[in-house]
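Trainee: I would like to learn how to read the empty spaces in a protein model, and how to place single residues around them. Could we work through one case together?

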Amino acid sequence: MDTFAYALLGFFGIGYFVLGGADIGVGMLLPFLGRDRRLTLAAIAPFFLGNEVWLVATGGLLTALFPSLEAEVFGRVWGALVVLVAGWIVRDMGLWLRGRDDGAAWRAFWDGATVAGSWAVAASWGVAVGLLMGGGAPLFAVTSCGLFALHGAVFAALRLGTRTPLARRIAPVALVAGVPCALGAGAGHLGRTAPYAAGLALLLVLAWAALGAGRYGAALVSSGLAIVVVPLLAAVNLPDATVAEGAGLTATVAGVMLPLLVAAQAWVWWTFRGRVDGPSYL
């Protein structure tokens, strides 16, 4: 049961970073992705609410299956999580409220909220994981922000059909700044951190090469795998924990619901797989 519970928690956590990382990255880069902000936000409009379900499920499973681990993690990174939730709320307010009025000042204000909230979420994840790694919070925030931004830039290029140099500029920055910062954040346990940093470097090189060759689909795969390093480094720095007594039913229900969630998510992504050709409801 412990193995199954860990697998469930890891699957939902990784799913959130791969899927939600794209829309958070788009929010971070909103001022740089074109003049038509409504068109840019249409790239993430069908996905961002569904992507947040993965984070809610991860938190729920952590609380229900591993209450002792939840207490340990929240006790160590509570400050970063408060900022993360605040940024999440601000970002979603920006997305929902920008279209409620046509005034330029109104939309500029809520666009700013979307950008600020997205950066807060990305940086807070880095701070939280950095704290789990031994205190390198500011360093790993650099890594996490670079990975979110790259993933969002590649996703936006595919959805909007634009081939701007933005993603190609972010990739080397994420490589040159993000990898050393990841190593620095885990300097106290280099034997544990170095293999993940090496894998991250390889994936960022592959993403950079794919972008240079105009293969944005391959670049999205590479950036998606690269951002998985964030939850993986969190996982290897967590203390051991066993499943709580009586949590078997929760794990069973989650296991039954998992194929339905994956099927629903796959249907949404398949339905809206094409390029954006007009503004959305946001």
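Trainee: Let me begin with a single residue: is Val-18 buried, partly exposed or exposed?

Mentor: Keep in mind throughout that this is a predicted model. Val-18 has a relative accessibility of 27%, and because the partly exposed class runs between 20% and 50%, this residue counts as partly exposed.

Trainee: Where is Val-18 found, and which residues is Val-18 in contact with beyond its neighbours in sequence?

Mentor: Val-18 belongs to helix α1, and, once the neighbours within four places in sequence are left aside, its contacts are His-151, Gly-224, Ile-227 and Val-228. Ile-227 shows how sequence and space can part ways, since 209 residues separate it from Val-18 along the chain while the two C-alpha atoms are 6.6 Å apart.

Trainee: Before going further, how is the confidence spread over the protein chain?

Mentor: The general idea is that where pLDDT is low, the predicted coordinates should not be read in detail. Here the protein chain averages a pLDDT of 90, with 99% of the residues at 70 or above. Confidence is highest in α9, at 96, and lowest in helix α11, residues 248-271, where the mean is 82.

Trainee: Now to the empty spaces: what volume does the largest pocket have, and how many residues line it?

Mentor: Rolling a probe the size of a water molecule over the atoms shows where empty space is left. In this model the largest pocket has a volume of about 830 Å³, and its lining consists of 31 residues, with Leu-9, Thr-58, Leu-62, Trp-125 and Leu-238 lying nearest the centre. Two or more lining residues come from each of α1 (2-28), α3 (48-65), α4 (67-97), α5 (104-132) and α10 (229-236). The most is given by α4, with eight residues.

Trainee: What is the make-up of that lining by class?

Mentor: The lining of the largest pocket divides into 26 nonpolar, four polar and one charged residues.

Trainee: Leu-238 was named as lying nearest the centre, so where is Leu-238 found, and which residues does Leu-238 touch?

Mentor: Leu-238 sits in the loop between α10 and α11, and it is partly exposed, because its relative accessibility of 27% falls between the 20% and 50% limits. Not counting residues up to four places away in sequence, Leu-238 touches Leu-69, Val-73 and Leu-132. The C-alpha atom of Leu-238 is also 8.8 Å from that of Glu-72, although their positions lie 166 residues apart along the chain.

Trainee: Which residues line the second largest pocket, and which element gives the largest share?

Mentor: This pocket holds about 200 Å³ of space, and its lining brings back Val-18, together with Leu-19, Ala-22, His-151, Phe-155, Leu-220, Val-221, Gly-224, Leu-225, Val-228 and Trp-269. The elements that supply two or more of these residues are α1, α6 (137-160) and α9 (216-227). The largest share, four residues, comes from α9. By class, the lining has nine nonpolar, two polar and no charged residues.

Trainee: How many cavities of 30 Å³ or more does the structure hold, and what lines the largest?

Mentor: A cavity differs from a pocket in that the probe fits inside but cannot get out. The structure holds one cavity of 30 Å³ or more, and the largest cavity has a volume of about 70 Å³. Its lining is made of Tyr-16, Gly-20, Asp-23, Ile-24, Glu-52, Leu-55, Trp-88, Arg-91 and Val-121, which by class are five nonpolar, one polar and three charged residues. At least two lining residues come from each of α1, α3 and α4, and α1 gives the most, with four.

Trainee: For contrast, is Asp-102 buried or exposed?

Mentor: Asp-102 is exposed, because its relative accessible area of 68% is over the 50% cut-off. Asp-102 is placed in the loop between α4 and α5, and its C-alpha atom is separated by 22 Å from that of Pro-46, a residue 56 places away along the chain.

Trainee: Finally, where does UniProt place the feature "transmembrane region", and how do the spans 77-97 and 139-158 look in the model?

Mentor: The unreviewed UniProt entry places this feature at residues 6-32, 39-57, 77-97, 139-158, 170-188, 194-211, 218-236 and 248-272. In the model, residues 77-97 are 100% helix, with end C-alpha atoms 30 Å apart. Residues 139-158 are likewise 100% helix, with 30 Å between the end C-alpha atoms.

Terms used: Residues numbered from 1 in each chain as written. Predicted model: local features only at pLDDT ≥ 70, side-chain atom pairs only at ≥ 80, totals over all residues. Heavy atoms only, no water. UniProt positions renumbered as here; feature names shortened; annotations may be inferred. 1 Å grid on protein atoms, 1.4 Å probe; cavity = no way out; pocket = protein on both sides within 12 Å on 5 of 7 lines; lining within 4 Å. Points joined across faces, edges and corners; volume = space filled by probe spheres on them. Nonpolar A, V, L, I, M, F, W, Y, C, P; charged D, E, K, R; others polar. pLDDT = per-residue confidence, 0-100. Buried < 20%, exposed > 50% of the residue type's maximum accessible area, 1.4 Å probe, protein only. Contact = heavy atoms within 4.5 Å.
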